[in-house]
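User: I am new to this structure and would like one careful, connected reading of it. Please begin with a close look at a single residue and its backbone, and then work outward to whatever helps to place it in the whole.

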Amino acid sequence: MLVDQFGREVTGVRISLTDRCNFDCVYCHNEGLGDTRGPMDPQDNEMDTDDVVRFLEVAAEFDVDAAKFTGGEPMLRDDLAEIIDRTPDDIETSLTTNGTYLPDRAEELVDAGLDRVNVSQDALDPDAFKRVTQSGEYDAVIEGVKAAVDAGLDPVKLNMVVFEATAGYVPEMVDYVAMNDGLQLQLIEYMPELAGRPEWAIDIERVHGWLEEQADEIEHREMHDRKRYWIGGDSTEGGMVEVVDPVENAEFCANCHRVRVTHEGYLKGCLNRNDDLRSMGEMTKPEIRDAFRDVVENRVPYYGEYMVQDDEGDWVINEEYIGA
Ligand SMILES: Nc1nc2c(ncn2[C@@H]2O[C@H](COP(=O)(O)OP(=O)(O)OP(=O)(O)O)[C@@H](O)[C@H]2O)c(=O)[nH]1
Ligand SMILES: C[S@@+](CC[C@H](N)C(=O)[O-])C[C@H]1O[C@@H](n2cnc3c(N)ncnc32)[C@H](O)[C@@H]1O
Ligand code: SF4
Ligand code: SF4
């Protein structure tokens, strides 16, 4: 297993299969890869099926045990089921998707070996959903979530970005997952670092405070030290709500165990940085191994190391990394 200079073992990979998307969410950070707008058909710059599989085989050599497929919209890739099918058996596969294509393809993905899915759903009402995603596909997403549950995916996590436009819908989303077996909720703090618009952010501590009052049980997840709240019953019967709160959170970064891969075949040590990209060249196994070791060697926690607080408490780039 590869371990970075800060003692963080790399156990997961997040693979962006494309930067194309059929939605245009107002908040989208696109995993730090620029705009999702543009042509919807397959692009020449994307890793092909064999490249992705070769990368996963090298990741397995390094004892990586989880792969997350994301994007853009990863279900725009017609070869998604083949990639999942060819992922080494020791790696758990999960998908983060806007859900629109799940009604037709959830079963195919399960048959290919998909273990879990996260579906982005920011509201329980078509108008609010349309304002945030700039898409009218609300019904397809609701159907997609149902198709995922029916196909046997467990859990199905709903991802909700919490910001000015959605914060008011948190209580009904929490009730919704508490009442529906098989669903869990991830409340994702709005990240302005790559998306801009810092004025949209809300105080995530208020969300934690509110959940604490509702919860029957609270636990910490190892990954990112994320807090989980069980609502409407304890962990054996309640609904699970997890808070993903990476903004200015050094504890979150200290527990970050993932390396990222861009659709173009670059390794990336941190979501918030684009100055640490490492090319995997022609993506032969020796090139992938070298780039993987190199990116882990140079990986640093973003908050708490790459960014530090000055005397006024503002986050500034650590001088050590300026021009490095
Ligand atoms: N800054 C930062 N944000 C992250 C990180 N991991 C997840 N996030 C945020 O959480 C969003 C949702 O992540 P998902 O793709 O659903 O996956 P996840 O919640 O990290 O993983 P699982 O819960 O294991 O499925 C991401 O798009 C980011 O906005 C991370 O390592 N760093
Ligand atoms: C970039 S999307 C890619 C996968 C897929 N298209 C989807 O929407 O699920 C991955 C996740 O990032 C979240 N996300 C996007 N922009 C964000 C932001 N500025 N802050 C926090 N989360 C964000 C989305 O809600 C989604 O759950
Ligand atoms: S569906 Fe995902 S990738 Fe597409 S715009 Fe929304 S958050 Fe971004
Ligand atoms: S170091 Fe921090 S900001 Fe960067 S990917 Fe990991 S958790 Fe996210």
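Analyst: The residue to begin with is M283, which sits in the loop between β12 (278–279) and α10 (285–297). The model is a predicted one, and every value below is computed from it or taken from a record. The backbone of M283 has a phi near 65°, a positive value in a residue other than glycine. M283 counts as partly exposed, because 18 C-beta neighbours lie inside 10 Å, and 20 or more would be needed for a residue to be called buried.

A positive phi is also found at D63, where the angle is about 65° although D63 is not a glycine. D63 belongs to the loop between α1 and β2, and with 13 other C-beta atoms within 10 Å it is partly exposed. Another backbone feature to note is the peptide bond that joins D154 and P155, which is cis, with omega at about 0°; P155 is found in the loop between α5 (138–150) and β5.

To see what these loops connect, it helps to step back to the whole chain. The protein contains 10 helices and 14 strands, and its C-alpha atoms fill a box of roughly 55 × 50 × 40 Å along the principal axes. For 324 residues a compact globule would have a radius of gyration near 20 Å, and the 19 Å of the protein agrees with that. Of its 324 residues, 39% count as buried. Among the contacts with a separation of 6 or more, 67% are between residues 24 or more positions apart, and the next places to visit include contacts of that kind.

One loop, between β1 (12–16) and α1 (49–61), holds C21, and it is also the place of C25 and of Y27. An unreviewed UniProt entry places the feature "binding site" at C21, C25 and C28. C21 counts as buried, because it has 23 C-beta neighbours inside 10 Å, whereas C25, with 18 such neighbours, counts as partly exposed. Leaving aside residues up to four places away in sequence, C25 touches V132, T133 and Q134.

The unreviewed UniProt entry also gives a "binding site" annotation to Y27, G72 and S120. These three span 94 residues in sequence, yet no two of their C-alpha atoms are more than 12.9 Å apart, so they gather at one spot. Y27 is buried, with 21 other C-beta atoms within 10 Å, and, again not counting residues up to four places away in sequence, Y27 touches V161, F163, Y190 and A195. G72, which lies in the loop between β2 and α2 (80–86), is likewise buried, with 25 other C-beta atoms within 10 Å.

The surroundings of the ligands add another part of the picture. Around ligand 1 there are 15 residues, of which T96, N118, V244, P246 and L271 come nearest. The strands β2 (66–70), β3 (92–97) and β6 (183–189) each supply at least two residues of the shell around ligand 1, and that shell divides into six nonpolar, seven polar and two charged residues. Ligand 4 is surrounded by P246, F252, C253, C256, C270, L271, N272, P301 and Y302, a shell made up of eight nonpolar residues, one polar residue and no charged residue. P246 and L271 are thus named in the surroundings of both ligand 1 and ligand 4.

A last step leads to helix α8 (residues 204–214), whose buried residues are I204, V207 and L211. Seen down the axis of α8, these buried residues fall within an arc of 50°, so they line one face of the helix. In general, an α-helix has 3.6 residues a turn, so residues three or four places apart point the same way. On the other side of α8, E205, R206, G209, E212 and E213 are exposed. The cover over the buried residues of α8 includes α6 (170–179) together with the strands β5 (156–162), β6, β7 (215–220), β8 (227–231) and β9 (239–244). One of these strands, β6, is also among those that supply residues to the shell around ligand 1.

Terms used: Residues are numbered from 1 along each chain as its sequence is written. Chains are lettered from A and ligands numbered from 1 in the order in which they are written. This is a predicted model: local features need pLDDT of at least 70, side-chain atom pairs count only at pLDDT 80 or more; totals for chains, interfaces and linings use all residues. A residue is near a molecule or strand if its C-beta atom, placed from the backbone, lies within 6 Å of it. Helices (H or I, at least four residues) and strands (E, at least two) are DSSP runs, numbered from the N terminus. Ala, Val, Leu, Ile, Met, Phe, Trp, Tyr, Cys and Pro count as nonpolar, Asp, Glu, Lys and Arg as charged, and the others, Gly among them, as polar. The radius of gyration is taken over C-alpha atoms; the globule rule is 2.2 Å times the number of residues to the power 0.38. A residue is buried if 20 or more other C-beta atoms lie within 10 Å of its own, exposed if 12 or fewer, and partly exposed in between; C-beta atoms are placed from the backbone. Two residues are in contact if their C-beta atoms, placed from the backbone, lie within 7 Å. UniProt positions are given in the numbering used here, feature names are shortened, and annotations may be inferred rather than shown by experiment. The arc is that of the directions from the helix axis to the C-beta atoms.
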